[in-house]
Amino acid sequence: MDTKILKIIEDNIDENLINEAVDKIKSGGLVAFPTETVYGLGANGFDESAAKKIFIAKGRPQDNPLILHVSSIDQVEELVMKIPEVAKKCMEKFWPGPLTILLKKSDKVSSIITAGLNTVAIRMPENKIALELIKKSNIPIAAPSANTSGRPSPTSAKHVIEDLNGKVDIIIDGGNAGIGLESTVLDLSGEIPMILRPGGITKEDLIKIIPNIEVDFAIIKEDENIVPKSPGQKYRHYAPKSEMIVYNGEVRNIVETISVKTKEYISNGKIVGIICTDETKEFYKEGIVISMGSRKDKKTIAHNLFNTLRLFDEENVDIILGEGVDFSFLGTAIMNRMMKASGGKIIEV
Ligand code: TXA
Ligand code: MG
């Protein structure tokens with residue numbers, strides 16, 4: 001398949017180009033598009049055969065459900081049994097934005113989308129290209145992150161091209177994704193409101209509206225005895241090609257341990273990548289060192305994480321040694337992605 005790249009500028013959207021993408025969605029094609037979190041791989045959410053194509057293009061396991069993207073709160077009505085008051089509040093406060101809400105699905109939503117579950121995940125993205133694409137298509141757009149399953153999520157069109165060129169109809173190049181990590185997945189379908197995947201909207205943000213909110217323990221602790229409530233969380237994910245180990249604890253200890261380990265690996269002939277922070281960069285004398293940003297600025301760290309993992313793939317490193325961060329605010333989302341990327345290899349030092 002020939003993949004067409006459409007360059008669209010978020011603040012000056014070209015009508016003809018967006019219409020081309022809209023036509024493709026409506027006729028059952030696959031269109032990758034930018035959102036403020038990561039790039040999505042979109043298809044008509046009411047077209048089962050289009051949705052099936054998403055799973056094939058990504059190599060995605062069939063039991064991992066898709067998010068439906070909407071451009072208005074009204075659009076949610078027909079997709080769910082009912083919208084509880086607390087869900088409405090969250091939509092009004094955080095949409096458009098990086099919050100995905102799980103509710104009991106209506107009959108209109110195909111079980112292909114929900115992977116047989118009786119809940120559906122819905123989000124209104126903030127990126128103007130995404131919103132325009134959904135609004136003009138006039139249907140909910142099913143979209144997972146636009147990466148090959150298991151790889152780090154794409155934060156630029158370049159990443160999408162790396163993974164999906166030749167497998168999708170259109171890739172919209174709308175520049176870099178601002179947040180750089182996927183949305184928070186919040187389950188409001190049951191008795192207990194629960195974060196199933198941490199993301200751009202933090203627990204600290206949500207607790208103001210939902211005082212009894214809980215966090216699925218599986219998202220911050222890798223343990224084969226704990227089954228995550230969100231199917232996507234059970235896979236090794238966001239993973240670079242090489243092995244990765246994350247060290248967390250006091251910053252001084254982290255730097256010391258990574259330095260010693262780096263020396264060891266290099267003396268065994270390995271190419272070592274180090275993911276560090278602005279505060280620690282100067283302390284590393286060996287290895288390929290990339291800082292994700294300042295420890296005081298988790299937004300920047302989140303923004304750079306996936307890109308850094310892909311950069312190390314290009315460098316063909318044998319092992320990545322990464323610094324962990326504390327769990328407050330965006331720290332939970334960052335550590336969740338690092339945990340997944342490393343296959344749970346987080347070592348306290
Ligand atoms: O920021 C985002 O959420 C991006 C952009 C494109 O919107 N999308 C994204 O989609 O990250 P994806 O498919 O890569 O991740 C969706 C996550 C998966 O972990 C999936 O298992 C979970 O949401 N999910 C979707 N529907 C669910 C459901 N009904 N119950 C539990 N988890 C669900
Ligand atoms: Mg994904």
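Where is Ser145 found? I looked this up in a predicted model. Ser145 sits in the loop between strand 7 (141-142) and helix 6.

**Entry: Ser145**

I asked whether Ser145 is buried or exposed. Its relative accessible area is 17%. Ser145 is buried because buried means under 20%. Next I checked its side chain. The side chain of Ser145 makes a polar contact with the side chain of Asn147, at 2.6 Å. Then I listed its contacts, leaving aside neighbours within four places in sequence. Ser145 is in contact with Val38, Tyr39, Gly40 and Leu41. Lys58, Ser153 and Pro154 are also in contact with Ser145.

**Entry: helix 6**

I moved on to helix 6, residues 157-164. Which of its residues are buried? I noted Ala157, His159, Val160, Asp163 and Leu164. I then looked down the helix axis. The buried residues of helix 6 fall within an arc of 155°, so they line one face of the helix. I wrote a reminder about helices beside this. An α-helix has 3.6 residues a turn, so residues three or four places apart point the same way.

What covers the buried residues of helix 6? I found that the cover includes strand 2 (31-33), strand 3 (40-44) and strand 8 (170-173). It also includes helix 2 (48-58) and helix 9 (298-314). Just after helix 6 I came to Gly166, which takes a positive phi of about 85°.

**Entry: Ile54**

Helix 2 is part of that cover, and I picked Ile54 from helix 2. At 0% relative accessibility, Ile54 counts as buried. I listed its contacts, again without neighbours within four places in sequence. Ile54 is in contact with Leu30, Leu41, Gly42, Ala43 and Leu66. Ala142 and Pro144 are in contact with Ile54 too. I also took one distance. The C-alpha atoms of Ile54 and Ser156 are separated by 19 Å. Along the chain, Ile54 and Ser156 are 102 residues apart.

**Entry: Ser137**

I went to another serine, Ser137, in helix 5 (residues 128-137). Ser137 is buried, with a relative accessible area of 2%. What lies 2.6 Å from a polar atom of its side chain? I found the backbone oxygen of Leu133 there. Not counting residues up to four places away in sequence, Ser137 touches Val22, Ile25 and Lys26.

**Entry: the largest pocket**

I looked at the largest pocket next. Its volume is about 680 Å³. The lining holds 43 residues. Which of them are closest to the centre? I noted Arg60, Asn64, Pro65, Arg197 and Ser230.

I then asked which strands each supply at least two residues of the lining. These are strand 4 (67-69), strand 6 (119-123), strand 9 (184-187) and strand 10 (194-197). Strand 6 gives the largest share, four residues. I also sorted the lining by residue type. It divides into 17 nonpolar, 18 polar and eight charged residues.

**Entry: backbone oddities**

I wrote down the general rule before starting. Most residues other than glycine have a negative phi, and most peptide bonds are trans. I then went looking for departures.

Which two residues does a cis peptide bond join? I found Trp95 and Pro96, with omega about -10°. Pro96 lies in the loop between helix 3 (85-94) and strand 5 (99-104).

Ala115 has a phi near 55°, a positive value in a residue other than glycine. Its place is in the loop between helix 4 (111-114) and strand 6. At 23% relative accessibility, Ala115 counts as partly exposed.

Asn316 also has a phi near 55°, and that value is positive in a residue other than glycine. Asn316 lies in the loop between helix 9 and strand 15 (319-323). Is Asn316 buried or exposed? I read 58% relative accessibility, and Asn316 counts as exposed.

**Entry: Lys296**

My last stop was Lys296, in the loop between strand 14 (288-291) and helix 9. Its relative accessible area is 77%. Lys296 is exposed because exposed means over 50%. I took a distance here as well. Lys296 and Asp278 are 9.5 Å apart in space, C-alpha to C-alpha. In sequence, Lys296 and Asp278 are 18 residues apart.

Definitions and conventions: Residues numbered from 1 in each chain as written. Chains lettered and ligands numbered in written order. Predicted model: local features only at pLDDT ≥ 70, side-chain atom pairs only at ≥ 80, totals over all residues. Heavy atoms only, no water. Buried < 20%, exposed > 50% of the residue type's maximum accessible area, 1.4 Å probe, protein only. Polar contact = N/O pair within 3.5 Å; in protein donor to acceptor, adjacent residues only side chain to side chain. Contact = heavy atoms within 4.5 Å. Arc of directions from axis to C-beta. 1 Å grid on protein atoms, 1.4 Å probe; cavity = no way out; pocket = protein on both sides within 12 Å on 5 of 7 lines; lining within 4 Å. Points joined across faces, edges and corners; volume = space filled by probe spheres on them. Nonpolar A, V, L, I, M, F, W, Y, C, P; charged D, E, K, R; others polar.
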